Amino acid sequence: MQTFDIESLGELVYASGISGSGSVAVIVPLYNYEAFIVECLQSVVDQTLEAISVVIIDDASTDDGLKLTETFLRNHAHRFASARIVRHALNQGLSTARNSGIAWSAEPLLFMLDADNRIRPPALERLCEAIEVDGADFAYSQLFIFGDQTDIGCADIWHLDRLRHGNTIDAMALIRRDALARAGGYVALADNHGWEDYDLWCRFFTLDMRGVFLPELLCEHRHHAGSMLHTRTNQHQAELTAEMMLRYPEIFHRQALVSAREDDWSIALPLAYAPPSDPIPSDPTPTDPTRNEASAPSRRIAVVVHMFAEELTGEIFTYLNNIPFDFDVYVSTHNEAKAAVIEAHRGLLRGNLEIRVMPRQGRDIAPRLVGFRDVFPRYDYVLLLHSKVSAHAEELRDWRAFLLDQLVGSPEIVRSIFTIFEDAPEVGAIAPQHFEFVRQWLGWGENYPLCRALAARFGVELKVNGFLDYPSGAMLWMRTDALRPFAEANLSLDDFTLDTAEIQIDGTMAHAIERMFFIAAEQAGYAWVKVAIPEWYDYRETIRRVADSDDLRAFVETRGRIVRRTSAPGSDPDNARQEPAGTAEP
């Protein structure tokens with residue numbers, strides 16, 4: 001709540017009943033609306049809800065509105081649990097008048113009602129039911145517009161897209177007192193020209209609070225030439241819009257800084273310098289507890305696959321045999337019939353196989369990160385895969401092959417990846433460069449609130465306009481230690497929604513986590529790189545063939561930690577090297 005000295009603003013000129021004794025307090029700012037205030041208050045008297053308090057803030061009116069209000073409240077004192085009239089010594093504007101009303105009330109639920117509007121008899125009772133049943137921070141209804149014109153309002157469900165495209169939620173809303181306190185009350189925008197309610201809703205969104213919409217005509221908005229909307233707000237819409245965009249970039253500028261392909265660098269595979277035949281000692285019995293830990297560095301490899309499309313089991317298992325080291329395979333699916341199909345392909349694998357049946361929840365992410373959380377500590381490296389079928393766009397039909405080729409397309413590819421891990425131990429994640437068709441979708445999408453909440457569990461503060469990169473498609477190699485922030489965040493299946501739709505292309509926790517893999521690696525203390533087989537790309541100028549391990553480390557130093565910067569590496573004045581080492585792919 002904005003703080004101010006209530007005594008300095010005005011004085012209590014009428015009081016009845018015990019403040020706080022109602023279930024709802026109706027807050028009515030009043031300024032020169034003697035023609036409408038009695039009609040407004042009569043609509044409160046006519047409510048079906050029993051225990052109602054009312055607080056009228058006369059904002060230094062110059063007409064007879066105050067006298068009419070006091071007479072009305074005295075005549076209807078029996079109807080209200082409590083009633084207060086506070087008169088400001090000087091006109092403070094609508095935002096401060098509402099805050100004053102909040103301060104002079106004590107009820108847990110507050111309804112904002114302007115003196116020229118009115119509410120239909122069941123309004124408060126229906127809104128109370130909605131807010132309690134839903135658990136939302138505020139409840140609002142559709143508007144009936146009356147007066148100079150008759151119409152229906154444009155209120156709609158509580159959703160980012162609605163907030164972003166305009167002020168569709170009227171000030172007439174039932175709001176929890178603690179939500180208003182958390183948000184800091186109302187603020188005045190652009191010299192008190194209006195939109196203080198729009199500002200509040202946007203602030204609620206940034207604080208992860210939410211409203212519930214009742215598609216009923218419960219509140220009535222008066223359309224008249226003397227309203228603040230017509231005399232001031234509509235005349236200053238450009239200034240108000242500019243201020244809102246500055247105040248809430250996470251709503252109006254939700255585009256992360258994502259590198260264009262001309263500044264999006266990756267390492268060419270296979271490596272230009274020949275990796276040794278076995279760059280890391282493999283462990284012939286990864287799960288054998290009797291092995292001698294001191295005899296050689298342990299490089300235990302797990303492959304974790306979510307197999308929604310069980311018909312792709314043979315294809316994926318065939319790819320896995322390109323791994324030239326020992327490995328174990330862990331596969332999740334969501335019913336026994338699919339598990340049986342996967343089991344039938346066991347003979348295709350060189351590695352050990354474990355199959356787990358899990359709830360159809362959290363798409364391919366929850367089964368891998370939550371369902372196999374107990375597996376990761378037993379291994380040093382993990383390959384995260386899934387049976388990707390992108391049925392919503394014909395242009396994505398090759399995306400799965402594109403990803404698999406660049407992760408396990410041949411023994412040389414896999415040896416190159418592990419050479420990167422071995423020669424640059426600071427690297428914790430290696431992912432394919434982006435599939436060209438998906439570049440148009442890179443960014444937060446509808447996932448920023450979920451990403452921000454998850455980052456907070458990591459101990460990271462995300463910037464909505466900061467630089468972002470991530471393994472689009474959610475397939476990558478990682479050191480298991482780079483997954484540590486996910487474990488420390490204590491993710492559970494309860495964090496994920498049930499997969500009720502065949503195609504969910506955005507806005508789920510699974511899509512949010514896809515954007516968090518590199519951030520998790522960085523938070524665990526690692527860098528990350530992207531790799532590319534040149535033949536998969538038409539544009540190759542930013543695919544670099546590193547000449548040796550020194551060039552590799554220079555590339556990682558230049559390009560390996562950029563998610564938490566505020567600008568793309570190429571525009572970072574503190575970055576001495578503007579291009580990574582090596583030579584461009586012809």
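**Exercise 1. A loop-to-loop salt bridge**

With which residue does Asp264 form a salt bridge, and how far apart are the closest N and O atoms?

*Solution.* Note that the model is predicted.
- Step 1. The partner of Asp264 is Arg439, with the closest N and O atoms 2.9 Å apart.
- Step 2. Place both ends. Asp264 sits in the loop between helix H11 (249-252) and strand S11 (266-268), and Arg439 in the loop between strand S16 (427-432) and helix H17 (448-458), so the pair ties together parts that are 175 residues apart in sequence.
- Step 3. Check burial. The cut-off for buried is under 20% relative accessible area. Asp264 has 5% relative accessibility, so Asp264 counts as buried. Arg439 has 15%, so Arg439 counts as buried too.

**Exercise 2. A helix-to-helix salt bridge**

Find the salt bridge between Arg98 and Glu196, then locate both residues.

*Solution.*
- Step 1. The two side chains meet at 3.2 Å, N to O.
- Step 2. Arg98 belongs to helix H4 (residues 94-103) and Glu196 to helix H8, so this contact links parts 98 residues apart in sequence.
- Step 3. Arg98 has a relative accessible area of 1% and is buried. Glu196 is buried as well, at 7% relative accessibility.

**Exercise 3. The cover on helix H8**

How many of the residues of H8 are buried?

*Solution.*
- Step 1. H8 spans residues 196-206, and eleven of its eleven residues are buried.
- Step 2. Read the residue types. The buried set includes the charged residues Glu196, Asp197, Asp199 and Arg203. Also among them are Leu200, Trp201, Phe204 and Phe205.
- Step 3. Look just past the helix. There, Asp208 takes a positive phi of about 60°.

**Exercise 4. More salt bridges**

Describe the Glu310 pair, then find a network.

*Solution.*
- Step 1. Glu310 bridges to Lys338, with 3.3 Å between the closest N and O atoms.
- Step 2. Glu310 is in the loop between strand S12 (301-306) and helix H12 (313-320), while Lys338 is in helix H13 (residues 336-343), so the parts tied together are 28 residues apart in sequence.
- Step 3. Lys338 is buried, at 12% relative accessibility.
- Step 4. Now the network. Glu39, Arg118, Arg120, Glu220 and Arg222 are joined through salt bridges that share partners.
- Step 5. For the total, the structure holds 35 salt bridges.

**Exercise 5. Surroundings of Ser332**

Is Ser332 buried or exposed?

*Solution.*
- Step 1. Ser332 lies in strand S13 (residues 328-333).
- Step 2. Its relative accessibility is 0%, so Ser332 counts as buried.
- Step 3. List contacts, leaving out residues up to four places away in sequence. Ser332 touches Val305, His306, Met307, Arg356, Met358, Pro367 and Phe372.

**Exercise 6. Nonpolar cores**

Which residues have the most contacts inside the largest nonpolar core?

*Solution.*
- Step 1. They are Leu320, Trp477, Phe486 and Phe517, in a core of 108 residues.
- Step 2. Take Phe517. Beyond four places in sequence, its contacts include Ile365, Leu369, Leu384, Pro471 and Phe486.
- Step 3. A second, separate core has 42 residues, including Ile37, Phe72, Ile131 and Leu218.

**Exercise 7. The whole chain**

Summarise the fold in numbers.

*Solution.*
- Step 1. The protein chain has 21 helices and 20 strands.
- Step 2. Of its 586 residues, 57% are buried.
- Step 3. Among contacts with a separation of 6 or more, 83% join residues 24 or more positions apart.
- Step 4. The chain exposes about 23,500 Å², and carbon and sulfur atoms supply 51% of that area.

Key:
Residues are numbered from 1 along each chain as its sequence is written. This is a predicted model: local features need pLDDT of at least 70, side-chain atom pairs count only at pLDDT 80 or more; totals for chains, interfaces and linings use all residues. Side-chain values use heavy atoms; hydrogens and water are left out. Helices (H or I, at least four residues) and strands (E, at least two) are DSSP runs, numbered from the N terminus. Buried means under 20% relative accessible area, exposed over 50%, partly exposed in between (1.4 Å probe, protein chains only). Contact means heavy atoms within 4.5 Å. A nonpolar core is a set of buried Ala, Val, Leu, Ile, Met, Phe, Trp, Tyr and Cys residues joined through side-chain atoms within 4.5 Å. A salt bridge is a side-chain nitrogen of Lys or Arg within 4 Å of a carboxyl oxygen of Asp or Glu. Accessible areas come from the Shrake-Rupley method with a 1.4 Å probe; for residues, only the protein chains shown count as cover.
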